[in-house]
Amino acid sequence: MAGESNIRTALSNPAGWQSLLSFSILALAYLAAFSSRLFAVIRFESIIHEFDPWFNYRSTHHLVNYGFYNFLNWFDERAWYPLGRIVGGTVYPGLMVTAGTIHWLLNSLHITVHIRDVCVFLAPTFSGLTSIATYLLTKELWSQGAGLLAACFIAIVPGYISRSVAGSYDNEGIAIFALLFTYFLWVKSVKTGSIFWAGCTALAYFYMVSAWGGYVYIINLIPLHVFVLLLMGRFSYRIFVAYCAFFILGLLLSMQIPFVGFQPIRTSEHMASAGVFALLIAYGFLKYLHTHLSSLTKSEMRSLFFFAVAASAAAVLMAVVYLTYAGYVAPWSGRFYSLYDTGYAKIHIPIIASVSEHQPTTWVSFFFDLHVLVCTFPAGVWFCIKKINDERVFIVLYAISASYFAGVMVRLMLTLTPVVCILSAIAFSNVLERYLVDDTPKVHHIEDESEDDEEGDKRNKSKDLYDKAGKVRKIRHEPSGEPESLGGNVKTIVVMAVMMILMMFAVHCTWVTSNAYSSPSVVLASYNHDGSRNILDDFREAYYWLRQNTDDHSRVMSWWDYGYQIAGMANRTTLVDNNTWNNSHIALVGKAMSSNETRAYEIMKALDVDYVLVIFGGVIGYSGDDINKFLWMVRIAEGEHPKEIREGDYFTPQGEFRVDKAGSKTLLNCLMYKLCYYRFGEMQLDFRTPPGFDRTRNVEIGNKDISFQHLEEAYTTEHWLVRIYKVKKQDNRVRLDHTVRKTDIKPKTKFTSRKSGKRKRGFIKNKMLIKKGKRPSSKNKKPSRKTSSKK
Amino acid sequence: MNRAAYELVIFGALLASCCTANQGAIGGDLVNSAVNRQIDLTSQLAKFTTTITLENAGKTATTSFVLAIDPSLRDRLSFIGATTKDDEAEKLSVTQTTVPGRTTDVLFRVDLPKALGAGQSTTVNVEEAYTHAQTPYPAQITQAEDQLVLFKGNLHFYSPYKTQSETTTVKLASNKIESHTKTKAKVEDSSIVYGPFENVEAFSQEKLQIHYENNTPFLAVTSLVRVIEVSHWGNIAVEETYDVRHSGARLKGSFSRYDYQRQLDGRSSVKSFKTILPAAARDVYYRDEIGNISTSNLNEQDDAVELELRPRFPLFGGWKTHYYIGYNLPSYEYLYNSGDEYALQMRFVDHVYDDQVIDDITVKIILPEGSKNVDLSVPFPVDRHPDELHFTYLDTFGRPVVIAHKSNLVEQHIQDFTLRYSFQKLLLLQEPLLVVFAFYILFFTVIIYVRLDFAISKDEASESRMRMQGLLDQLQAAQDKRTSLYQRYEDAIAKFKSTKDLAGFTGSRKKIDAEHKELSSTIKELQGKLKLESTDMAEKVGELQKLDSNLKDQIVLSISLAEKVVAGKMGKQQYIDNEKVYSAKREDIMGKTETLLSSL
């Protein structure tokens with residue numbers, strides 16, 4: 001009897017139910033986040049995607065094979081030939097160290113997982129953790145129910161999946177987790193004002209710094225939060241403690257990353273945090289003075305206070321400006337300028353502008369990546385502003401700044417996505433708790449308190465579970481006011497509509513993930529009419545050919561996009577790669593590609609190039625090939641060599657970029673054109689098209705008679721997607737490319753070397769021949785003597 | 001190549017030193033009365049099939065004879081085997097031997113099935129296979145050119161005995177012959193017949209050279225690592241790592257995809273080949289360092305699984321590639337046991353492609369953790385390397401790995417090895433128990449962590465809250481019971497009304513009263529305890545008690561009413577009206593109690 005009642009009470013214990021429910025929902029969200037990212041693995045294989053992940057994979061491999069210290073000291077002589085790259089000092093090591101640690105841990109438990117699989121599945125694993133971090137953050141900001149919703153949203157939202165599918169082994173995969181976790185801890189430390197939480201925030205920030213360059217966003221957003229709180233007059237010692245502890249620890253920790261080094265105290269990007277720190281100290285000091293200067297009247301005190309704060313703010317600003325001008329602090333870098341002026345990069349840094357993910361975002365992609373959340377997200381902001389408190393100021397600031405950045409660059413959509421999920425979850429949770437709560441059977445439910453408790457947990461429909469919910473409540477906020485009694489029908493309709501929207505959201509997410517974000521881009525797939533799949537594996541074919549059948553130290557020239565892949569898959573030395581740290585080197589390669597063969601050969605000789613690799617999509621109609629990227633090569637080359645390369649030369653007089661007969665002569669004879677179209681003129685793809693018909697650009701090519709003097713075709717893949725040429729060694733004697741002109745005029749003199757003649761010592765031209773007792777002869781021109789004697 | 005030969009020689013020497021039976025005279029009394037050699041050069045191998053009619057011209061019977069390997073080809077010898085003419089299934093034992101006076105020659109002693117008496121003769125078929133015996137000449141060709149190869153051999157049968165009559169037929173891969181040795185030669189389409197030669201002396205050599213076109217794939221596996229992982233849970237996993245090289249004429253100049261696609265040239269290149277896997281092979285994969293090689297096809301047939309492999313790129317002369325193939329096999333087909341003694345019988349090397357050439361193979365057999373007394377027997381000599389340990393899932397002290405190595409193999413080497421070892425069956429349980437134990441520890445730690453308080457400092461507020469929570473839980477339970485008592489009161493009244501059994505009713509009433517008293521005192525006690533934590537709560541409990549006593553009063557009233565009605569002191573209608581009032585009051589009080597409870 002007693003045992004039975006125990007079970008009964010345990011089952012009816014709402015706290016137990018609630019934690020079990022939220023635990024299982026979070027577990028399911030984790031699972032959904034993990035498994036919805038596996039499309040690429042299931043459809044293709046466990047493979048590293050795209051470009052940057054290949055570098056990350058390669059360096060992780062290095063880390064795993066040679067240890068952490070050798071990784072930090074790694075000088076990669078296989079990249080940026082002949083310059084090389086100091087990898088240890090120019091990467092954010094967080095990603096590699098995370099994967100390496102997991103690999104080490106598993107292997108020390110004798111779970112022999114290959115490092116490639118660890119790398120492939122790292123992003124999905126961390127996406128699951130991100131959804132938990134989102135839950136924690138939203139729970140701190142609003143309520144548990146909103147937190148669960150936010151966790152479910154972030155688990156499947158395409159805007160985040162785009163950068164974190166299995167195989168997309170990139171910094172962003174773990175950085176978003178670190179970002180949200182840092183924010184969670186920050187909110188927690190603002191709420192509690194404890195040094196413990198602030199210290200945890202600094203540690204999470206340290207992890208973020210080690211993982212992604214986007215840490216700058218945190219170190220500007222948190223000071224902004226503090227600053228705005230000061231402006232709103234919400235200063236409290238909790239904030240003082242939290243920020244000071246976080247700032248100092250975070251600063252010291254972030255400087256431990258070799259790539260970051262002294263940047264936190266030497267660049268403008270970090271100055272805001274230092275300025276706010278100084279301001280906060282000044283504010284705190286004035287507060288302290290305030291307690292001692294009780295003689296002043298209240299209004300005097302206030303004006304003094306404002307004056308002092310304004311003065312200290314101005315002093316901080318002036319100090320930063322002075323330091324910048326004096327050169328102690330570096331001004332804003334170009335990448336940051338491009339966030340303020342979208343046209344900046346196009347003019348000054350074409351290499352940044354040439355990357356598609358640095359383009360401004362279109363409206364379509366907002367909907368594509370966020371679906372309904374983009375509509376409900378403002379509602380969440382409104383709710384937060386309506387019931388503002390210290391931590392909701394933070395989320396509002398986050399929402400505003402992230403929306404701006406996402407509008408500037410497609411890539412920064414990633415930072416917007418979490419906040420959109422959080423705020424939409426708040427909006428949805430508010431709607432659901434209003435409409436989903438079944439309040440008809442209860443007559444006496446008037447206590448605001450119990451109503452307040454239910455807030456957020458729309459899943460617990462039955463009120464009976466709520467008898468004692470008051471004891472588990474942690475968040476307390478103002479009562480939501482007297483709920484108007486609504487008709488059951490209205491409620492049902494609203495709930496149905498919301499459910500439909502959420503369902504469509506889930507369907508959209510799955511569809512986008514499966515169709516847009518789950519292609520490895522290393523392997524292409526095409527579908528036949530009957531639905532069967534053709535795999536175009538040309539990239540790996542070419543890279544593997546390079547790996548197996550070229551000398552280990554041969555140097556491959558290609559456009560920088562393929563640098564990481566060549567290094568990772570072909571294991572060969574590259575000239576330029578996706579790191580793009582040296583613009584002039586890239587420009588040199590661009591110049592070689594856009595010059596004619598002779599000029600290009602000189603450059604290639606100077607750079608010791610053995611092979612040239614180009615991507616050509618004309619046979620299968622692949623649009624991302626080198627001819628389509630060619631104008632960027634020309635532009636980048638022109639930036640460094642404006643005298644030799646001019647963009648205008650590659651256009652027709654009408655200003656068109658054409659590869660057919662009407663195209664400009666410079667284009668039709670440049671190296672890139674020749675490399676792509678060599679022998680393509682003979683190839684007839686279709687009976688309806690003439691030979692040499694380019695399917696990507698849908699034209700018949702203009703120059704079908706291509707021959708090489710210094711290069712030879714080394715390998716072309718099955719679908720001609722990758723073409724590799726070997727640069728021939730220099731001939732002993734440079735052959736003339738034209739036959740010597742023959743004339744009727746017989747040379748008057750036959751050249752004979754003086755040195756082989758009688759007098760081997762050399763002679764002086766027109767020297768007088770003097771013989772003793774003879775007059776100097778008038779015909780003293782020695783060379784002509786022979787022929788004249790013949791006459 | 002040379003290394004392999006040295007190894008053979010060293011091995012032979014070793015054998016010779018430890019077993020004197022292998023060393024002996026040639027036995028000069030034997031005569032090769034008729035020799036018919038077939039040299040098959042249609043593939044990249046040189047396959048010799050020699051039919052020898054041996055005659056014992058001496059006085060004593062002999063049980064064995066000696067075969068000599070042609071000096072020009074001896075570094076390339078891969079396989080030698082002999083059968084009798086009558087019974088081709090029965091293989092004669094062929095062992096390497098040395099003979100004093102002919103130290104440079106590689107000699108093999110063949111044991112005859114029955115002694116060859118004086119004057120008798122017998123016919124023996126000898127099969128030899130030589131790898132890399134045809135050298136491309138010219139060594140470099142362009143993509144459009146055909147591959148020409150040069151074969152150099154001996155015009156005569158190289159034998160320690162005198163040969164009375166011999167003919168040699170050379171089968172070529174094509175009828176395009178650039179040049180050949182003209183001595184007694186007769187060309188018939190794609191084959192050349194030399195001979196017959198009469199009375200050839202022992203150990204006679206004469207140059208035989210043929211230069212002809214051979215576009216068959218010259219594919220060589222330069223190194224092969226075959227890993228067999230045995231699991232006693234019913235699976236054998238095989239993974240083979242290959243380094244493959246086109247050993248024909250090297251490609252000169254450029255490779256043109258356009259020309260290759262028109263299929264006009266590149267005849268000597270290798271586009272794809274077929275590997276035959278065991279019929280039971282499942283979960284086949286074909287990969288390399290950068291992932292799955294998508295260009296392959298799998299055909300399941302009745303007796304085998306045919307895997308059509310296409311390397312990522314066509315292999316031209318001098319090009320190489322690297323890949324690995326893996327598959328699973330059910331262990332019942334290969335693993336036999338009696339008690340704790342196990343025997344694994346599998347192929348030492350498996351089929352890679354037709355007319356295969358394997359320069360080096362390393363076979364690694366990973367046995368289950370705890371296997372002992374390992375004994376490997378292979379039908380041909382191999383090098384055993386020291387055993388290693390391998391660690392994989394859930395291993396604690398490592399699985400023993402048996403490693404064997406051999407050079408220069410051809411198709412004839414596809415033979416079974418037998419590996420005997422002992423394994424205690426109980427050890428099978430070790431790994432599941434390990435998992436169970438790990439989970440046990442995990443859950444136990446969690447339980448300990450959740451149940452015990454590890455805080456350094458006491459958090460008064462939260463502890464008080466928890467204590468209060470506990471008290472409230474008890475209170476709740478007590479109150480629930482008390483509420484149920486009222487139901488019982490009502491039941492008892494109803495029963496009393498129908499049965500009119502006063503004695504029974506007073507009995508049950510007393511019982512309920514006692515319970516009610518007890519519960520009320522419990523609640524009072526709890527109230528006292530609650531007072532220590534929160535006066536607010538205690539007050540609420542006081543209210544609860546008050547409500548309860550009200551309710552009790554109502555019940556008492558209702559009981560007296562019932563007694564009256566049963567005693568006939570009151571009319572039915574009056575009773576019903578009164579009862580209605582009381583029950584409404586009771587309902588009201590109950591509702592209040594509930595509200596109060598929910599606010600606790």
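Student: Which residues does A:Met569 touch, not counting residues up to four places away in sequence?
Tutor: Good place to begin! This is a predicted model, and in it A:Met569 sits in helix H28 (residues 563-570) of chain A. Its partners come from both chains, with B:Ile290 on the chain B side. The chain A partners are A:Trp54, A:Val522, A:Arg540, A:Tyr543 and A:Arg547, and the list ends with B:Ile290.

Student: Is A:Met569 buried or exposed?
Tutor: Here we need a cut-off: a residue counts as buried under 20% relative accessible area. A:Met569 has 0% relative accessibility, so it is buried.

Student: How far apart in space are A:Met569 and A:Trp545, C-alpha to C-alpha?
Tutor: Along the chain, these two residues are 24 residues apart in sequence. In space, going from C-alpha to C-alpha, the distance between A:Met569 and A:Trp545 is 10.0 Å.

Student: What does UniProt list for residues 555-612 of chain A?
Tutor: In the model, this span is 52% helix and 12% strand. The C-alpha atoms at its two ends lie 9 Å apart. The name comes from an unreviewed UniProt entry, which gives "domain: STT3/PglB/AglB core".

Student: How many residues of helix H29 of chain A are buried?
Tutor: Helix H29 covers residues 583-594 and reaches 16 Å from its first C-alpha to its last, close to the 16 Å expected. Its buried residues include A:His585, A:Val589 and A:Met593. They pack against several elements of chain A, among them helix H20 (350-353), strand E5 (555-557) and helix H31 (626-640). Helix H29 is mostly covered, and the count of buried residues is 9 of its 12.

Student: Which strands stand at the edges of the sheet in chain B with the order E26-E27-E32-E29?
Tutor: This open sheet has 4 strands, and their pairing is antiparallel. An edge strand has a single partner strand, so one side of it is left without a neighbour in the sheet; in chain B, that applies to E26 (335-338) and E29 (372-377).

Student: Which residue of E32 in chain B stands opposite B:Lys372?
Tutor: Strand E32 (residues 416-422) pairs with E29 of chain B in the antiparallel sense, over 4 bridges. Opposite B:Lys372 we find B:Ser422.

Student: How many contacts beyond four places in sequence does the model have for residues 1-5 of chain A?
Tutor: Chain A has a mean pLDDT of 83, and 85% of its residues reach 70 or more. Over residues 1-5, however, pLDDT stays under 50. Where pLDDT is low, the predicted coordinates should not be read in detail. For residues 1-5 of chain A, the number of such contacts is 0.

Definitions and conventions
Residues are numbered from 1 along each chain as its sequence is written. Chains are lettered from A and ligands numbered from 1 in the order in which they are written. This is a predicted model: local features need pLDDT of at least 70, side-chain atom pairs count only at pLDDT 80 or more; totals for chains, interfaces and linings use all residues. Side-chain values use heavy atoms; hydrogens and water are left out. Two strands pair if DSSP finds at least two bridges between them. UniProt positions are given in the numbering used here, feature names are shortened, and annotations may be inferred rather than shown by experiment. The expected span of a helix is 1.5 Å times one less than its number of residues. Buried means under 20% relative accessible area, exposed over 50%, partly exposed in between (1.4 Å probe, protein chains only). Contact means heavy atoms within 4.5 Å. pLDDT is the predictor's confidence in each residue, from 0 to 100.
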